[in-house]
Amino acid sequence: MLLAVLEHDGAAMAEAAREALTFGRALAGRMGVPMHAALIGNNEGALVATAGAHGAEVVHTALHPVLSDYGPEAWGEVVAAMVRRLAPGAVLAGGSDRGNEVLAQAAARLDVPFVANCLDVDPADWSITRIQWGGSLLEDVSLSAEVPLLTCGLHSVAAETAETPAAPTVEEFAVDLDAALARTAVRDRVVLSAGVTLSTAPVVVGGGRGVGSAEGFAPLEELAELLGGKVGCSRAVTNNGWRPHADQVGQTGTRIAPQIYIAAGISGAIQHWVGAMGAKHILAVNLDPEANIVTKADWAVIGDLHEVIPAISAEIRARR
Amino acid sequence: MRICCCVKRVPAPGARINVTADGQAVDVAHLGFAVSPHEECGVEAAVQLTEAHGGEVTVLTLGAPEAAEQLRYAASVGAHHGVLVPTDGSGWDPQRTALALTAAIRTLEEAGGPFDLLIFGNESADSGGFQVGIRVAVALGRPMVGGIKGIEIDGPTVRARRETDAGFEVYELPMPAAVGVKEGINLPRYPTMRGRLASKRLEVAELAGDALPGGQAMRRLHRPAEAASETVILGTGPGAAPSVVDVLADLGVL
Amino acid sequence: MSEVPAEARCVVIGAGIVGNCLVGHLAKLGWDDLVLLDKGPLPNPGGSTGHASNFIFPVDHSKEMCLLGAQSADQYRHLGLSVDSGGIEVARTPERMDEFQRRMTSATAWGIEARLLSPAEVGELVPYINTAVILGGFYCPTVSVVDSLETGTRMRRIASEAGCRVFANTEVRDITTRDGPLPGVRTVEAVVTDKGTIRAEYVVIACGVWSNRVANMADAYIPLVPAVHQMADVGPIDVLAATNNEIGYPIVRDMDTFCYERQSAGSMEVGSYAHRPILHHPDDIPSNDEAALSPTEMPFTPDDFDQQMEEAIELMDMLGDAEIRYAINGLLSLTPDAMPCLGEVPEVRNLWSAAAVWVKEGPGMAQAVAEWMTYGYPRVIDTHGADVARFYPEERSDTHIWARSAEHFNKTYGIVHPFEQWESRRDLQVSPYFSRQQALDAEFFQARTWERPQWFASNADLTERYGLQDREVEWDARWWSPITVGEHLNLRENCGLVDLSAFQIFELSGPGAVAYADRLAVNRIDVPTGRAVYTPWLTPDGGFRADLTMIRTGHETVRIVTGVFDGGRDEFWARRHMPTDGSVRFANITEQVTTLGLWGPNAPEVLSALSDHRWGDAPYGSLTPVSLRCGDRTIEAELLRISYVGDTGWEIYAAWDDGPRLWDALMATGADLGLRPTGGGVYGTSGRLEKGYRLMGAELESEYNPLEAGLARPRLKAADFIGKEAYAAARAAGPSEVQMCVLTVEDHSDRAGRKRYMQGGNEPILTADGKRITDSHGRVSRVTSAGPGPSVDRYLLMGYLPRELAGPGSELQVMYMNELFPVRVAGTGAVFDPEDRRLRG
């Protein structure tokens with residue numbers, strides 16, 4: 001079987017986990033094995049149901065006081081234990097911070113390879129295509145491992161439920177964890193902004209060097225708010241101190257996957273693009289019809305963002 | 001504090017990354033080299049911690065002899081020591097890299113005492129394996145958390161912040177500990193002219209180290225196919241706003 | 001996305017400062033069917049303009065560079081895109097302090113405000129400078145900082161309003177040409193881009209560092225190479241930020257470390273010409289996509305900059321603690337001779353170059369090229385030094401471009417002597433006598449690619465014979481020898497043999513040859529066979545374009561003999577105006593013919609020993625075939641009765657391979673008659689100056705006409721020729737405003753009591769009360785040539801003077817090394833043998 005390790009926040013399944021289930025379902029199919037899922041620190045019916053909806057036939061739940069909140073060492077230890085005891089044909093997680101971290105922890109404990117951010121996996125010989133350079137480059141690797149540990153590139157597949165959802169069997173996985181592993185568990189949480197975040201927003205309005213100043217982002221904020229979205233920016237913007245780093249979309253910033261990315265005054269440098277290419281659609285607003293982002297966009301408006309963006313906001317208000 | 005910061009020499013990000021004709025390496029003809037961005041922030045974090053709490057920063061790298069340049073760069077922004085584990089410059093897989101770094105850290109600790117904190121970049125800008133720091137930490141038995149965008153020292157504890165969609169998580173690791181940091185934890189300083197000149201005097205220590213290759217072998221690098229998209233020009237200037245809103249309505253995001 | 005038009009009158013490739021200004025100037029001159037292309041985005045397509053330091057120091061010893069720079073600075077000012085920050089060159093060595101005296105002299109020549117500062121005075125203007133390490137400063141208050149990107153945008157807009165179509169992100173893939181209509185010259189046909197093909201009558205390459213690569217697409221050459229200039233921006237620096245200004249303090253050029261410090265808002269740009277030469281092939285420049293910053297902002301190589309940082313900190317301590325926030329290996333263009341590449345390329349008709357131009361000269365040079373394309377030659381100034389046609393084939397090779405560029409890169413802020421010789425790429429082209437001359441310890445000067453003896457150390461005994469001393473001050477004595485005076489006096493007393501093999505010799509032939517020759521020349525070429533005619537060629541505006549000898553060698557043949565410095569340009573001019581009906585053929589026969597000059601009172605006797613030729617048979621200017629007995633062989637040669645040194649004798653033309661035999665025979669025969677090998681110091685300077693002969697590129701430039709130069713013949717020839725209309729108008733306008741004069745230096749002593757000798761490097765001629773002399777066109781009176789007149793015992797200068805100051809005996813002053821020396825006008829012609837008695841025998 002293929003074991004998909006599920007990221008969750010205790011209540012809801014992470015998007016990355018649903019992607020992993022989607023990716024894993026296909027991979028398990030090619031391997032000719034069923035897909036199981038690992039639900040660590042939780043056995044909520046809703047999470048189990050979601051796993052089933054995405055094709056997991058068995059959900060292994062691991063509960064332990066040390067697992068009361070996320071901790072990379074404890075989670076990694078659980079995955080390692082599952083590998084030892086359940087002997088999966090492969091282990092897969094989503095290519096999120098946690099997914100990569102947990103599988104790296106598990107791989108280190110098992111002393112086996114771990115291949116992060118895979119796009120294409122051929123289980124016949126475990127030749128794999130994976131992401132390098134944040135997506136600017138691809139690497140073909142051959143993997144030689146007792147058990148392949150993989151993550152699938154974040155947003156490299158769209159999460160989809162299975163055509164024939166399963167009602168998964170829940171199997172409790174008993175773990176005996178050293179209490180010391182709690183040393184890396186989450187101690188506290190600080191919620192900074194309620195509601196949508198940049199990485200989950202359905203609409204992102206991005207601004208680049210063309211915005212010109214911190215103040216220049218006000219119309220972008222306004223449009224984002226009208227659309228229930230968030231404002232993002234390019235690296236040039238954070239380097240100029242116009243926006244905090246948290247708003248940066250790109251290879252070293254946040255990867256976004258909105259329904260539409262409205263890119264205003266952004267040239268479309270590759271480092272930005274790899275953060276934005278998860279967007280389902282792109283609308284570019286740019287003075288230069290030849291700008292990179294324009295050629296990559298689905299739609300473009302050629303013009304000054306300082307005029308075009310307020311006009312879009314006005315039009316939306318007029319229609320409401 | 002004794003801090004060890006592991007860095008990787010990578011082609012300076014910012015340009016399109018091309019591959020050599022044989023697909024075996026990145027074409028570096030037009031590229032400068034730099035400390036991988038997350039790790040550049042790691043060096044800055046380490047230097048700030050020693051500025052606040054005293055102590056010394058040792059920067060450790062594994063790579064071609066030219067990687068000494070990146071050690072000097074780290075020294076030019078305040079790192080105290082530079083250690084190179086020289087390789088022939090070929091790409092080592094993550095397991096092999098982690099084993100060699102682990103051995104190097106053990107050697108350094110035997111000579112100079114344990115490091116209170118190991119700082120890694122969350123992942124390298126080039127190969128992006130997301131694991132070397134974790135493997136080293138596990139091998140050394142250190143608690144390790146990645147994705148860190150804030151570090152404070154509180155007595156024997158490292159309080160580290162990790163960004164999430166909603167805000168951040170707080171971790172408290174007993175030292176000795178390890179963290180994987182991400183860009184955004186700080187804005188790394190640039191070297192001053194004097195710093196650069198002083199870094200010329202850095203004595204780069206070399207530690208021989210090797211390990212057996214792991215199970216992941218690179219076969220070929222290639223560029224992703226560029227999706228040729230036909231861009232629909234909705235109009236010019238503010239007059240295009242109605243067409244834009246039509247599109248937004250069709251997508252159901254209004 | 002946007003398709004390019006199928007046709008345009010003129011396509012300009014490159015939207016940097018040059019291309020933008022060029023389309024702007026062309027539009028102002030009435031060109032409306034223009035296309036401007038760049039492979040990068042606008043407004044900064046990624047070329048050298050985008051990272052330029054954008055400052056202009058106005059003083060340059062070269063007239064061409066200085067005045068085109070001034071023209072550019074004025075254009076930036078006129079657009080309101082320039083700030084006069086002032087600038088100070090600081091000296092750390094006594095040699096540099098001497099150079100500042102020379103710069104003061106050039107500043108006076110070109111009318112630029114400047115003054116010398118003590119270290120303390122430098123410190124008052126630049127409070128953060130360490131005055132302890134400098135000896136003084138040279139201050140120009142009109143040093144300016146310009147906005148080259150915005151200037152380009154404005155000029156492009158001017159062109160767009162006139163109809164110019166602009167295409168960014170459009171890459172040129174090829175430039176196609178077709179044969180004809182000129183014989184042996186291709187004509188540009190079209191520019192092939194990734195967005196379509198544009199057929200064009202004219203194509204201009206203004207692609208900066210990429211220019212040679214683009215020219216190569218048409219099998220043409222623009223000899224330049226991309227070279228690194230390192231620059232680091234360091235900051236923040238409070239004292240600079242406190243100015244609240246892009247530039248609040250004067251720019252400092254730390255001349256002896258080859259670096260500059262230029263404020264850029266709150267930080268300082270430290271730029272260097274001190275590092276090792278780092279040259280790149282254009283194919284190695286990344287594309288916009290491949291470049292981390294821009295294609296011409298290449299990754300910084302810090303090891304090359306460390307020395308400069310130490311020196312910068314020494315000069316300005318505050319820089320040491322400033323952060324290096326941006327540092328690049330910026331690319332700029334270097335050429336083999338450090339001059340730009342302007343004009344139509346010789347290989348392809350209507351393919352033009354506007355390249356190797358820096359921001360400081362961009363607008364002015366763009367104007368020059370626009371005028372050149374419109375009027376047939378620039379009006380703003382003579383651009384002969386920048387003419388892309390000046391290069392010989394050997395100078396177009398990458399080997400040559402790289403070697404010379406590497407050699408002069410570190411001289412960007414260097415102290416360069418006007419006669420400084422190159423070290424690299426010597427012996428490229430040598431005469432048949434080269435080994436013999438080496439055996440005689442000749443000191444070779446290189447004229448473009450040709451080696452020519454300047455004097456012969458084997459003649460050192462002449463200094464004793466004539467009691468000659470070396471010059472007192474090293475600078476004056478550098479690249480000079482008193483032997484040259486000895487050779488001069490010996491030639492006047494006995495005779496001398498001068499190697500003239502570097503002459504560039506062309507042949508026009510065919511039924512239309514003579515008529516075509518007459519179309520080029522001011523003076524009549526349709527003369528009896530065997531006659532030589534010394535004649536100017538004019539620009540369409542009636543200024544000097546060439547100055548040479550044309551010989552009617554046959555019914556349908558004309559030989560053109562010109563100097564080596566202008567050979568390439570003159571060949572270009574001669575080929576480019578040819579009739580398209582095939583009635584004229586052109587051949588360059590330089591390497592088939594060797595030329596020796598044999599002059600002096602004993603010359604006839606020397607020659608008589610080799611032939612039955614009788615002295616005095618042929619009139620001056622006649623060409624006579626002759627058989628010369630050279631040892632056991634007789635060789636066929638031609639004797640041209642002519643002289644550039646003012647003594648009787650001939651230019652002897654012979655087959656190249658017969659040269660050594662001829663040399664040996666003449667030297668053997670002449671041994672008892674006082675014949676000495678004689679160098680270019682006599683031929684080009686002392687002999688010439690005593691006779692008041694004008695030299696192309698020195699006295700003769702396109703700003704001047706034959707009337708002003710004193711070369712007008714009494715009557716205007718009937719046949720039409722290029723420039724005739726303008727020349728006729730000038731003749732009709734009456735006496736010229738200025739006259740070319742020969743002056744004598746009346747006292748050589750400087751304030752320290754040392755004897756000084758001007759070099760002919762544009763030293764200003766001032767009135768007796770020290771005022772600059774300019775005419776109504778703004779042309780300044782300056783020394784165009786200088787050198788000894790040993791036979792008249794005077795040091796001689798040449799220069800244009802307004803008629804009222806040009807009378808014999810007129811007392812004036814010349815500034816040299818910032819000191820004034822009294823001079824007197826001798827006349828407008830020869831000071832030695834003004835009746836030409838010796839010449840005509």
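In what sense do strand β10 of chain A and β9(B) pair, and over how many bridges? Keep that in mind as you open the viewer, and remember that you are looking at a predicted model.

**Stop 1: where chains A and B meet**

Select residues 186–191 of chain A, which form strand β10, together with β9(B). The two strands run antiparallel and are joined over five bridges. For one pair to zoom in on, pick A:D188, whose bridge partner in β9(B) is B:V170.

Now widen the selection to everything that touches across these two chains. You should find 65 residues of chain B in contact with 74 residues of chain A. On the chain B side, the elements that each supply at least two residues are α4 (132–140), β7 (144–154), β9 (167–174), β12 (216–222), β13 (232–236) and α6 (241–251). The biggest giver is β9(B), with eight residues. Try coloring this side of chain B by residue class: 35 residues are nonpolar, 19 are polar and 11 are charged.

**Stop 2: where chain C meets chain B**

Next, select the contacts between chains B and C. Here 22 residues of chain C are in contact with 18 residues of chain B. On the chain C side, α8 (306–315) and β18 (323–334) are the elements that give two or more residues, and α8(C) gives the most, with four. Keep the class coloring on, and this side of chain C shows 13 nonpolar, one polar and eight charged residues.

**Stop 3: chain C as a whole**

Show chain C on its own as a cartoon. There are 22 helices and 40 strands to browse. Its radius of gyration is 28 Å, close to the 28 Å given by the globule rule for 841 residues, so chain C is as compact as a globular protein of that length. Along the principal axes, its C-alpha atoms fill a box of roughly 85 × 65 × 55 Å. Buried residues account for 56% of the 841 residues in the chain. Of the contacts in chain C between residues at least 6 apart in sequence, 74% join residues at least 24 apart.

**Stop 4: a hairpin in chain C**

Finally, select residues 785–789 of chain C, strand β37. Is this strand buried or exposed? Five of its five residues are buried, so β37(C) is largely enclosed by the rest of the structure.

Add residues 794–802 of chain C, strand β38, which pairs with β37(C) in the antiparallel sense over five bridges. Look for C:S785, standing opposite C:M798 in β38(C). The two strands form a hairpin with four residues between them. In that turn, click on C:D793, which has a positive phi of about 55°.

Definitions and conventions:
Residues are numbered from 1 along each chain as its sequence is written. Chains are lettered from A and ligands numbered from 1 in the order in which they are written. This is a predicted model: local features need pLDDT of at least 70, side-chain atom pairs count only at pLDDT 80 or more; totals for chains, interfaces and linings use all residues. Two residues are in contact if their C-beta atoms, placed from the backbone, lie within 7 Å. Ala, Val, Leu, Ile, Met, Phe, Trp, Tyr, Cys and Pro count as nonpolar, Asp, Glu, Lys and Arg as charged, and the others, Gly among them, as polar. Two strands pair if DSSP finds at least two bridges between them. The radius of gyration is taken over C-alpha atoms; the globule rule is 2.2 Å times the number of residues to the power 0.38. A residue is buried if 20 or more other C-beta atoms lie within 10 Å of its own, exposed if 12 or fewer, and partly exposed in between; C-beta atoms are placed from the backbone.
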